[in-house]
Amino acid sequence: MGGVLTLRPQPGDGSPEIAWDDAFLYYAPDGVVPRTQPFATVVTKDHPGDAGSRLDRPGAFRVNVAAGTDDFRRWTGRDPREPATGDLDPSTPDVVLPHPVHGHLGWLAVVDPGSRTDQAVRDLLRTAHSLARARYERRSGSAPVPQARRPVAGPAARDGALGWG
């Protein structure tokens, strides 16, 4: 996964204390923090309004991935904006679940990933990286834009010798 910039805020770097020791992964091939959301995060503690994963336990952490609509549907069986049904415990370890706060945006989460979710987390990270790269390329104008085939205008067209460009 090229172009990944990982930020890990620490005391004294100007970042808010709530972000210290968490990790934020961005697609940034130029090494400059983009003005977008990261494509994945690793959080090591409960955040305000997000204590359901119970990350207050020693050694607990959660991997969060901007999975996109397709992978979100594949893992949850519903669209991100559809309300969740059933009783999901967001603190269940080693299970792919909708993110407890940002699930409606297509984010998935895994608390304490292990052997059951190792490959899934890797695949989700690859997909999130690809989606972030595609967004970066669209925004920067560096994405190859398919060119429509259209008649060539000019003297050849006026002479009746239409070509396709």
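1. Contact range. Among contacts between residues at least 6 apart in sequence, 45% join residues at least 24 apart. This is a predicted model, and the points below should be read as comments on that model.

2. Overall make-up. The protein holds 3 helices and 6 strands. From the N terminus on, their order is β-β-β-β-α-β-β-α-α. Of the 165 residues, 32% are buried. The protein exposes about 10,300 Å². Carbon and sulfur atoms supply 54% of that area.

3. The helix pair H1 and H2. Helix H1 covers residues 68–76, and helix H2 covers residues 118–140. Their axes come within 10 Å and cross at roughly 160 degrees. Angles over 145 degrees count as roughly antiparallel, so H1 and H2 are roughly antiparallel to each other. On the H1 side, the meeting residues are Gly68, Asp71 and Trp75. On the H2 side, they are Ala120, Leu124, Thr127 and Leu131. By class, the residues of this contact divide into 4 nonpolar, 2 polar and 1 charged.

4. Threonine 41. This residue sits in strand S3, which spans 40–43. Its relative accessible area is 9%. Buried means under 20%, so threonine 41 is buried. Its side chain makes a polar contact of 2.8 Å with the side chain of asparagine 64. Neighbours within four places in sequence aside, threonine 41 is in contact with Ala23, Phe24, Arg62, Val63, Asn64 and Trp107. Asn64 is thus listed among its contacts and is also its polar partner.

5. Serine 53. Which loop holds serine 53? Serine 53 is in the loop between strand S3 (40–43) and strand S4 (62–66). At 0% relative accessibility, the residue counts as buried. The side chains of serine 53 and arginine 62 are joined by a polar contact of 2.7 Å. Leaving aside neighbours within four places in sequence, serine 53 touches Arg62, Pro90, Ser91, Pro100 and Val111. Arg62 also appears in the contact list of threonine 41.

6. Aspartate 94. This residue lies in the loop between H1 and strand S5 (97–98). Its phi is near 60 degrees, a positive value in a residue other than glycine. Is aspartate 94 buried or exposed? With a relative accessible area of 11%, aspartate 94 is buried. A reviewer may want to look at the backbone here.

7. Aspartate 112. Here phi is again positive, at about 45 degrees, although the residue is not a glycine. Aspartate 112 is found in the loop between strand S6 (107–111) and H2.

8. Histidine 102. The loop between S5 and S6 contains histidine 102. At 34% relative accessibility, this histidine counts as partly exposed. How far apart in space are histidine 102 and valine 65? They are 9.9 Å apart, C-alpha to C-alpha. In sequence, 37 residues separate histidine 102 from valine 65.

9. Points to check on screen. For the helices, start with Gly68, Asp71 and Trp75 of H1 against their partners in H2. For the side chains, view the serine 53 to arginine 62 pair at 2.7 Å and the threonine 41 to asparagine 64 pair at 2.8 Å. For the backbone, view aspartate 94, with phi near 60 degrees, and aspartate 112, with phi of about 45 degrees.

Technical notes:
Residues are numbered from 1 along each chain as its sequence is written. This is a predicted model: local features need pLDDT of at least 70, side-chain atom pairs count only at pLDDT 80 or more; totals for chains, interfaces and linings use all residues. Side-chain values use heavy atoms; hydrogens and water are left out. Helices (H or I, at least four residues) and strands (E, at least two) are DSSP runs, numbered from the N terminus. Buried means under 20% relative accessible area, exposed over 50%, partly exposed in between (1.4 Å probe, protein chains only). Contact means heavy atoms within 4.5 Å. Accessible areas come from the Shrake-Rupley method with a 1.4 Å probe; for residues, only the protein chains shown count as cover. A polar contact is a pair of N or O atoms within 3.5 Å; within protein, one must be able to donate a hydrogen and the other to accept it, and residues adjacent in sequence count only if both atoms are side-chain atoms. Axes are lines fitted to C-alpha atoms, for helices over the stretch in contact, and angles run from 0 to 180 degrees between N-to-C directions. Angles under 35 degrees count as roughly parallel, over 145 as roughly antiparallel, 65 to 115 as roughly perpendicular and the rest as oblique. Ala, Val, Leu, Ile, Met, Phe, Trp, Tyr, Cys and Pro count as nonpolar, Asp, Glu, Lys and Arg as charged, and the others, Gly among them, as polar.
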